[in-house]
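Reader: I am new to this structure and would love a close look at one part of it. Could you walk me through the pocket and the pieces around it?

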Amino acid sequence: MTEPTDALTIRCETDADHDQIARIVAAAFGSSVEAELVDRIRASPEYEPSMALVAELEGEIVGHVMISGARLHHSEGDRSIALLSPLAVAPDRHKSGIGAALVEAVVAVADQRGVPMVVLEGDPGYYGRMGFEPSAGYGITMPLPDWAPKEAAQIRRLTAYASDDPTLRGEVSYPAAFDGVD
């Protein structure tokens with residue numbers, strides 16, 4: 001894997017970026033479903049504008065990541081948590097470190113905001129390199145598609161994470177924007 005160049009800029013998305021983001025997301029996933037998901041997240045109350053980032057290289061958007069709100073249902077009720085999804089990098093830029101740079105940048109924003117953890121559904125080999133761990137070991141379950149291994153449900157604990165906090169265990173509930181996405 002090569003490292004991203006010094007010319008890589010990571011910044012918050014703007015309205016002017018939306019068309020480019022849609023093209024990158026659709027190309028990265030090979031379908032428009034995830035690009036439509038990004039639009040639905042933006043239109044939802046769970047949208048966090050400061051945690052929707054793009055990677056720009058030589059004036060061109062080459063990647064995108066979002067963290068939005070989700071709910072964690074636990075024995076004492078439920079709690080707001082952070083959900084990373086989706087992450088997309090232009091196919092011709094894969095294996096260049098751009099995805100990892102986006103994840104690290106958006107997780108840093110979440111950490112600065114006092115978020116105790118970020119959850120996601122994804123490849124354990126890929127996200128494990130960035131500090132994500134299977135969520136089951138922390139008492140957190142996530143609804144996964146039939147094709148996903150149980151290790152795809154992952155968590156990254158941040159500075160505000162407290163292992164003795166019972167509200168940080170339970171079942172993740174995706175926001176309505178994710179309905180129909182498998």
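Author: Here is a tour of the largest pocket, followed by the helices and strand that help to line it. Please keep in mind that this is a predicted model.

The largest pocket has a volume of about 1,000 Å³. Its lining is made of 41 residues, and those closest to the centre are Phe29, Leu87, Glu121, Gly122 and Tyr127. By class, the lining divides into 26 nonpolar, 7 polar and 8 charged residues. Several elements supply at least two lining residues each: helix 1 (18-29), helix 2 (33-42), strand 4 (77-89), helix 3 (98-112), strand 5 (117-121) and helix 4 (124-128).

Let's start with two of those helices. The axes of helix 1 and helix 2 come within 7 Å of each other and cross at roughly 140 degrees. Helix 1 is therefore oblique to helix 2. On the helix 1 side, the contact is made by His18, Ile21, Ala22, Val25, Ala26 and Phe29, while helix 2 brings Glu34, Ala35, Val38 and Arg42. That contact has 7 nonpolar, 1 polar and 2 charged residues. You have met Phe29 already, among the residues closest to the pocket's centre.

Now for strand 4, which gives the most to the pocket lining, with 7 residues. Proline 86 is found in this strand, and a cis peptide bond joins serine 85 to proline 86, with omega at about -5 degrees.

Finally, look at the loop between strand 4 and helix 3, where lysine 95 has its place. Lysine 95 has a positive phi, near 65 degrees, in a residue other than glycine. With a relative accessible area of 71%, lysine 95 is exposed.

Methods: Residues numbered from 1 in each chain as written. Predicted model: local features only at pLDDT ≥ 70, side-chain atom pairs only at ≥ 80, totals over all residues. Heavy atoms only, no water. 1 Å grid on protein atoms, 1.4 Å probe; cavity = no way out; pocket = protein on both sides within 12 Å on 5 of 7 lines; lining within 4 Å. Points joined across faces, edges and corners; volume = space filled by probe spheres on them. Helix = DSSP H or I, 4+ residues; strand = E, 2+ residues; numbered from the N terminus. Nonpolar A, V, L, I, M, F, W, Y, C, P; charged D, E, K, R; others polar. Axes fitted to C-alpha atoms, helices over the stretch in contact; angles between N-to-C directions. Parallel < 35°, antiparallel > 145°, perpendicular 65-115°, else oblique. Contact = heavy atoms within 4.5 Å. Buried < 20%, exposed > 50% of the residue type's maximum accessible area, 1.4 Å probe, protein only.
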